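User: I've got this model open and I'd like to talk it through. Can you walk me around it?

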Amino acid sequence: MIDYNKILNNTIQDVKWSGIRKFFDIANTMEGVISLGVGEPDFPTPWKIRHCAIKSLEKGKTRYSSNWGLSTLREEISNYLTRKYNITYSPEDEILVTVGGSEAIDACLRVITDPGDEIIIPQPSYVCYEPITQVCGGVPVIINTKAENDFKVTAKELIEKITPKTKALILPYPCNPTGAIMEKSDLEALGEVLKDTNILVISDEIYSELTFGEKKHVSPASIDTLKDRTVVINGFSKSFSMTGWRLGFVCGPEPIISQITKLHQFAIMCAPTTSQYAAIEALKSCDEEVQDMLEEYDTRRKIIVKGFNDLGLSCREPKGAFYAFPCIKSTGMTSEEFCEKLLYAKKVAVVPGTAFGDSGEGFIRASYCYSTEHIKEALSRIKEFLDEIK
């Protein structure tokens, strides 16, 4: 018999499975489950985008694009970033079109990380940063962000984590799962810490369009002290409700983007061509549709935050993305225990905060990319659950 343990890479075997999947897998075996777990827009991709993709197929535009992506799309990405976030990248050599933001994150970490390099990762945050760092031979160095700081990275926390082995800082804002954002003054403070170092900033801005109130998204690349050290990762999944189209992009200094493109060339070849034609239309003509979705998310955001606070589960106001991150410490349960008992008792699926790092203990993530009726029903069932465990 073949021993697969001797064939498989030891590092990948040691990486833990995503903590999000466990509850989805259980929920999928149960009837009548109502979920606040999935981080996927419930809106269909805007028709203008779909129509453009259909037209490209009808015209037989199904060949490979350049490794870099369609030149027209890269030009539109450059225009979009300037128009929206006041950052400028050359379409020729500073923008690469990728298979979702996920490929961009993976490729960026692969091209900068040598064995033993330290990558600073704020948590709670998206589940992929730590395991990809480990697979690359790097050492994840965790900043446990705090609720009292609105889950932002502070200059003091950053200083405490920097060592001679520090290679990069990941900034995952707007943040999944906390809904936190970094304001201009926050980023300027980090820039002062980093300005005389050789530390890269990897800014995952996949939720950049989804910010609420007067405080709009600010990219680290728009800060003078961070511009030349920042790699911006973004995509179409969240803002344009294009999750299944698998399209993202990465922008940054040419020496870094060229190496990411080299890896992309061998590992991927190019992003899906049909998706690229669709994305051109998204950037050119779908501001209104994005705004409509944002306004609906805002309505749902207010309902879910008020709902959790009314239930006695303290919930800070998320300023971005589409997640609430209520505190469940008052129940006396761990995050995982709360989620498991809620799922079996009331058939409501939420995600334990610990899926996003140890500092997520005592919290749960609840997505509000669901209808208001769906959210209200989930809150009603959670109320019943809390009444029964008192």
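**A walk through the fold**

Strand β6 (residues 200–204) is mostly covered, with five of its five residues buried. Keep in mind that this is a predicted model.

User: Which residues point each way from β6?
Analyst: The side chains of β6 split into two sets, and all of them are buried. Val201 and Ser203 point one way, and the other way point Leu200, Ile202 and Asp204.

User: In what sense do β5 and β6 pair, and which residue in β6 does leucine 169 stand opposite?
Analyst: Strand β5 (residues 166–171) pairs with β6 over four bridges, in the parallel sense. Within β6, the residue opposite leucine 169 is valine 201.

User: What should helix α4 span, and what do its end C-alpha atoms give?
Analyst: Helix α4 covers residues 71–85, which is 15 residues. The rule is 1.5 Å times one less than the number of residues, so the helix should span 21 Å. Its end C-alpha atoms agree, being 21 Å apart.

User: Which elements do the buried residues of α4 pack against?
Analyst: The buried residues of α4 include Leu73, Ile77, Leu81 and Tyr85, along with polar-lettered company such as Arg74 and Glu76. An α-helix has 3.6 residues a turn, so residues three or four places apart point the same way. The buried residues of α4 pack against β2 (95–98), β8 (248–251) and α10 (273–285).

User: Which residue follows α4, and what is its phi?
Analyst: Right after α4 comes asparagine 86. Its phi is positive, near 60°.

User: Which residues touch the most other members of the largest nonpolar core?
Analyst: That core has 42 residues. Elements that each supply at least two of them include α2 (19–27), α11 (287–310), α12 (335–346) and α13 (372–389). The residues touching the most other members are Leu36, Tyr297, Ile304, Phe308, Phe322, Phe338 and Val350.

User: What does tyrosine 297 touch, leaving out residues up to four places away in sequence?
Analyst: Tyrosine 297 is one of the residues touching the most other members of the largest core. Its contacts are Pro41, Phe43, Leu210, Phe212, Phe322, Tyr368 and Cys369.

User: How many residues are in the second core?
Analyst: This core is separate, and Ile95, Phe236, Ala278 and Ala279 are among its members. Its size is 29 residues.

User: What radius of gyration does the protein chain have?
Analyst: A compact globule with 390 residues would come out near 21 Å. The protein chain agrees with that, at 21 Å.

Conventions
Residues are numbered from 1 along each chain as its sequence is written. This is a predicted model: local features need pLDDT of at least 70, side-chain atom pairs count only at pLDDT 80 or more; totals for chains, interfaces and linings use all residues. Side-chain values use heavy atoms; hydrogens and water are left out. A nonpolar core is a set of buried Ala, Val, Leu, Ile, Met, Phe, Trp, Tyr and Cys residues joined through side-chain atoms within 4.5 Å. Buried means under 20% relative accessible area, exposed over 50%, partly exposed in between (1.4 Å probe, protein chains only). Contact means heavy atoms within 4.5 Å. The radius of gyration is taken over C-alpha atoms; the globule rule is 2.2 Å times the number of residues to the power 0.38. Two strands pair if DSSP finds at least two bridges between them.
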